[in-house]
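Here is a quick tour for anyone opening this structure for the first time. Keep the 3D view handy and follow along.

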Amino acid sequence: IDVFICLWIVPSGLYIFLKNVFFKKTPYMLWSLGSDVYTNKDNFIRRLILKLIIRKSKAVFADGFELCDIINKISGRQCDFLPTFQRIKIPETTIISNDNVKKQTTFLYVGRLAPVKGTDILIDAIKLIKKEHGNMNLRCNIIGDGDLMNDLIREIKENDLGENVFLLGWIKDENILAEYYKQADCVIIPSRSESIPIVLSEAMQFGKPMITSTAGDMAFLVKKYNLGIVVEKENAADLATAIKTFIELPTTVYKDDQDKLMANLIFENNNQKLLDKLSINGQ
């Protein structure tokens, strides 16, 4: 092996760092994808480990602008933005019925059901809307699985949200997943911590407006490119207000703005950065 490309600084980069300490040294590059840095940067020992791994690397990339800045502050190394997004194929055929869906404003969440992704905040926001307004003209499809699944099932049952919130689990069939995107009026990304999530790229490619939290780069991108509404992270009341606002006055997104952003966020438009760094010793 001439060079390692480590996706995530830890654990992948840590393995190669230790290998280089005790065995033959092999050049390595790092590609941070968010969780490796966000979950370790505030702990002194873990932050020191990140710094050591980064300082010994030949190059370091990250899939978020804020993430690049954090890595630069941790290590003093230049970190280049390198997105992970791919273009997706959007099927033209209709696979699932939308007769009932279109009677309501349809929101979509796609991702892990985990505290960091804020799925519980989304449910809390819908509970607030129901408490204030009773019957709601909204449907929220939640696609994904994770540690919060049982808690969310209980919350939906205890708060009588069964006609408004639908837990659909993981959907592996890309055509069916695409159909849920096409049916959605708005995609919600309520994360507590985030870089630039894949679901943001997917929502843009389907031409869907978004309601996102201020986590990571989302607020900057949504505001700059007029992609939807930004709410304070970990604020269910703020999210509830945004959902109600969207129902009353849906956000319009413009294809030109989306195309400009996608040009910057697609890997194929940025991969020359990686190829240039791979040319070690002129090889």
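## The cavity and its lining

In this predicted model, the largest cavity is lined by Ile121, Pro190, Ser213, Val231, Glu232, Lys233, Glu234, Asn235 and Leu239. Sorted by class, that lining comes out as 4 nonpolar, 2 polar and 3 charged residues.

How many cavities of 30 Å³ or more does a search of the whole structure find? The search turns up 1, and the volume of the largest cavity is about 30 Å³. As background, rolling a probe the size of a water molecule over the atoms shows where empty space is left.

## From the cavity to a salt-bridge network

Glu234, one of the lining residues, is worth a second look. Its side chain meets that of Arg192 in a salt bridge, at 3.4 Å from N to O. Glu234 sits in the loop between β10 (228-231) and α10 (236-248), while Arg192 sits in the loop between β8 (186-189) and α8 (198-205), so this pair ties together parts that are 42 residues apart in sequence.

Are the two partners buried or exposed? Glu234 counts as exposed, because its relative accessibility is 51%. Arg192 has 23%, so this residue counts as partly exposed. The story goes on to a third residue: Asp120, Arg192 and Glu234 are linked in a network of salt bridges.

## Other charged pairs

Across the whole structure, a search finds 12 salt bridges. The general idea is simple: side chains of opposite charge can pair when their charged atoms come close.

One of these pairs is Lys182 with Glu179, where the closest N and O atoms are 3.6 Å apart. Both belong to helix α7 (residues 174-183), and because they are 3 residues apart there, about one helical turn separates them. Glu179 counts as buried, with 5% relative accessibility, whereas Lys182 is partly exposed at 28%. Another salt bridge joins the side chains of Lys41 and Asp42, at 3.2 Å from N to O. Asp42 counts as exposed, with a relative accessibility of 65%.

## Cysteines without disulfides

A disulfide is a covalent bond between the sulfur atoms of two cysteines. How many disulfides does the structure hold? The count is 0.

Why does Cys6 have no bond to Cys79? The sulfur in Cys79 is the closest cysteine sulfur to that of Cys6, but the two are 14 Å apart, which is too far for a bond. Cys186 tells a similar tale: the closest cysteine sulfur is in Cys140, 9.6 Å away, and that is too far as well. On accessibility, Cys6 has 3% and counts as buried. Cys186 has 0% and counts as buried too.

## The sheet around Cys6

Now for the strands. An open sheet of 4 strands runs in the order β1-β2-β3-β4, with parallel pairing. Its edges are β1 (4-7) and β4 (80-81), and each has a single partner strand, so one side of each is left without a neighbour in the sheet.

Which strand pairs with β1 over 4 bridges? That partner is β2 (residues 28-32), and the pairing is in the parallel sense. Within this part of the sheet, Cys6 stands opposite Leu30 in β2. In general, strands of a sheet pair through backbone hydrogen bonds, either parallel or antiparallel.

Note on methods:
Residues numbered from 1 in each chain as written. Predicted model: local features only at pLDDT ≥ 70, side-chain atom pairs only at ≥ 80, totals over all residues. Heavy atoms only, no water. 1 Å grid on protein atoms, 1.4 Å probe; cavity = no way out; pocket = protein on both sides within 12 Å on 5 of 7 lines; lining within 4 Å. Points joined across faces, edges and corners; volume = space filled by probe spheres on them. Nonpolar A, V, L, I, M, F, W, Y, C, P; charged D, E, K, R; others polar. Disulfide = S-S within 2.5 Å. Buried < 20%, exposed > 50% of the residue type's maximum accessible area, 1.4 Å probe, protein only. Salt bridge = Lys/Arg side-chain N within 4 Å of Asp/Glu carboxyl O. Helix = DSSP H or I, 4+ residues; strand = E, 2+ residues; numbered from the N terminus. Pairing = 2+ DSSP bridges.
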